[in-house]
Amino acid sequence: MLKKSSQVSPKPETTLLSLMNSYCTGTFLKPTVSSTNLKRLCWCLTLGPRITIQIVERLREDILAGKLKSGSEIKDALKKSVLDLLEKKGNKTELQLGFRKPAVIMIVGVNGGGKTTSLGKLAYRLKNEGAKILMAAGDTFRAAASDQLEIWAERTGCEIVVADKEKAKASLVISQAVKKGKEQEFDVVLCDTSGRLHTNYSLMEELIACKKAVGKIVRGAPNEILLVLDGTTGLNMLPQAREFNEVVGITGFILTKLDGSARGGCVVSVVDELGIPVKFVGVGEGVEDLQPFDAEAFVNAIFS
Ligand code: GDP
């Protein structure tokens, strides 16, 4: 994400007004990524250059026609544009768990993004809604991952299936869990997976194997494959989301770490390009710190 610079006004209205004015009167530098003004505008909007240009272009006529004059009018129009985009391209924010038991949710993403933590928080949320939850410690790559998930299982009072030997195949552990989930009538099996670089092909293949294994046990499963995106990573989200989606087909995003200074605005570019909704946001490390995605609250936070 573009860093806040000392010359940039912390007040979005003021910065937006002057940037939009110079943009519309032609004194704005050519809108390329290298343009300083565009960088400032993007920082101001925290959305990334492509979406910024797209939205700003859309408002250009209204500004030139004098329909949008003040900074706050421009800000409101920009907010509406972003909200419209999120509602049009990413509106299926509810989990789609189908009618077959158990529903299976795979949590995927790069290392350190918050997969295991989000899985724990999601387990807590679903359990509170009355679901019987089983966890699958499918991150067999990182040594401490199973231990970490076991702590979450204890914390949330959920059962867990872990590998019975070191370096077991992730697809094996996940299959065992889904079979158990089916036999013992669990409502949802939440599967952790190894953190990986999205460019590591063999690990990506392992994800495909997990997906196939699950589908053989419960028809139509996995019901959800949620990609965890770290809200602090800015535009790096986009190549990650593309790659994971291409390989396993992502059904939704969990945007984490929005409790810090990150606003996660770049996810708007991801939703726009892939048409996949954000389903949850992570706002801390505690059990209750996972919230359903609320587009309006999110947009308000971006422009606050
Ligand atoms: P994984 O490698 O993807 O499984 O990531 P982890 O679940 O181990 O999380 C990595 C770090 O990020 C841990 O220290 C978590 O406590 C932290 N974390 C995860 N989600 C959030 C969040 O929403 N907010 C904050 N502040 N920290 C988070």
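# Asking why: helices and salt bridges

Author: In this predicted model, Ile51, Gln54, Ile55, Arg58, Leu59 and Ile63 of helix H3 meet Ile74, Ala77, Leu78, Ser81, Val82 and Leu85 of helix H4. Sorted by class, that contact has nine nonpolar, two polar and one charged residues.

Reader: What makes you say those residues "meet"?

Author: Contact here needs heavy atoms within 4.5 Å. The listed residues of H3 and H4 pass that test, so they count as meeting.

Reader: And why is H3 called oblique to H4?

Author: Two packed helices are described by the angle between their axes and the distance between the axes. H3 (residues 49-64) and H4 (residues 71-89) pack at about 130°, with axes 10 Å apart. That angle makes H3 oblique to H4, because about 130° is neither under 35 degrees, nor over 145, nor in the 65 to 115 range. As for handedness, H3 passes H4 in a right-handed crossing.

Reader: What makes the packing of H3 on H10 roughly perpendicular?

Author: Here the angle is about 75°, and the axes are 8 Å apart. Anything from 65 to 115 degrees goes by that name, so H3 is roughly perpendicular to H10. Arg50, Ile51 and Gln54 of H3 meet Val268, Ser269, Asp272 and Glu273 of H10. Those residues split into two nonpolar, two polar and three charged.

Reader: Asp272 is in that list. How do you know that Asp272 and Lys89 form a salt bridge?

Author: Side chains of opposite charge can pair when their charged atoms come close. The closest N and O atoms of Asp272 and Lys89 are 2.9 Å apart. The limit is 4 Å, so the pair qualifies. Asp272 lies in H10 (residues 267-274) and Lys89 in H4, so the bridge ties together parts 183 residues apart in sequence.

Reader: Are Asp272 and Lys89 buried or exposed, and how do you know?

Author: Asp272 has 7% relative accessibility, and since buried means under 20%, Asp272 counts as buried. Lys89 comes out at 31%, which is neither under 20% nor over 50%, so Lys89 is partly exposed.

Reader: What makes Glu273 and Arg242 a salt bridge?

Author: Their closest N and O atoms are 2.6 Å apart, and that is within 4 Å, so the name fits. Glu273 belongs to H10 and Arg242 to helix H9 (residues 237-248), so this pair too links distant parts of the chain, 31 residues apart. Glu273, at 32%, and Arg242, at 37%, both count as partly exposed.

Reader: How many salt bridges does the whole structure have?

Author: The search finds eight. One of them pairs Lys180 with Glu159, at 3.0 Å from N to O. Lys180 sits in helix H7 (residues 170-183) and Glu159 in strand E3 (residues 159-161), 21 residues apart. The relative accessible area is 22% for Lys180 and 38% for Glu159, so each is partly exposed.

Reader: Why is Lys115 called buried?

Author: Lys115, in helix H5 (residues 115-128), has a relative accessible area of 5%. That is under the 20% cut-off, so Lys115 is buried. Not counting residues up to four places away in sequence, Lys115 touches several others, including Ile107, Val110, Asp192, Ser194 and Val228.

Reader: Why is Glu185 called exposed, then, and what about Lys257?

Author: Glu185, in the loop between H7 and strand E4 (188-192), has a relative accessible area of 63%. Exposed means over 50%, so Glu185 passes. Lys257, in the loop between strand E6 (252-256) and H10, has 32%, so Lys257 is partly exposed. Each is a residue other than glycine with a positive phi: near 55° for Glu185 and near 65° for Lys257.

Reader: Where are the cis peptide bonds you can point to?

Author: A cis bond joins Lys101 and Pro102, with omega about -5°. Pro102 is in the loop between H4 and strand E1 (103-108). A cis bond also joins Ala221 and Pro222, with omega about 0°, and Pro222 lies in the loop between helix H8 (201-217) and strand E5 (224-230).

Reader: How many helices and strands does the chain have, and how much of it is buried?

Author: The chain has eleven helices and eight strands. Buried residues make up 52% of its 304 residues.

Technical notes: Residues numbered from 1 in each chain as written. Predicted model: local features only at pLDDT ≥ 70, side-chain atom pairs only at ≥ 80, totals over all residues. Heavy atoms only, no water. Axes fitted to C-alpha atoms, helices over the stretch in contact; angles between N-to-C directions. Helix = DSSP H or I, 4+ residues; strand = E, 2+ residues; numbered from the N terminus. Left-handed = near helix turned anticlockwise from the far one by under 90°. Nonpolar A, V, L, I, M, F, W, Y, C, P; charged D, E, K, R; others polar. Salt bridge = Lys/Arg side-chain N within 4 Å of Asp/Glu carboxyl O. Buried < 20%, exposed > 50% of the residue type's maximum accessible area, 1.4 Å probe, protein only.
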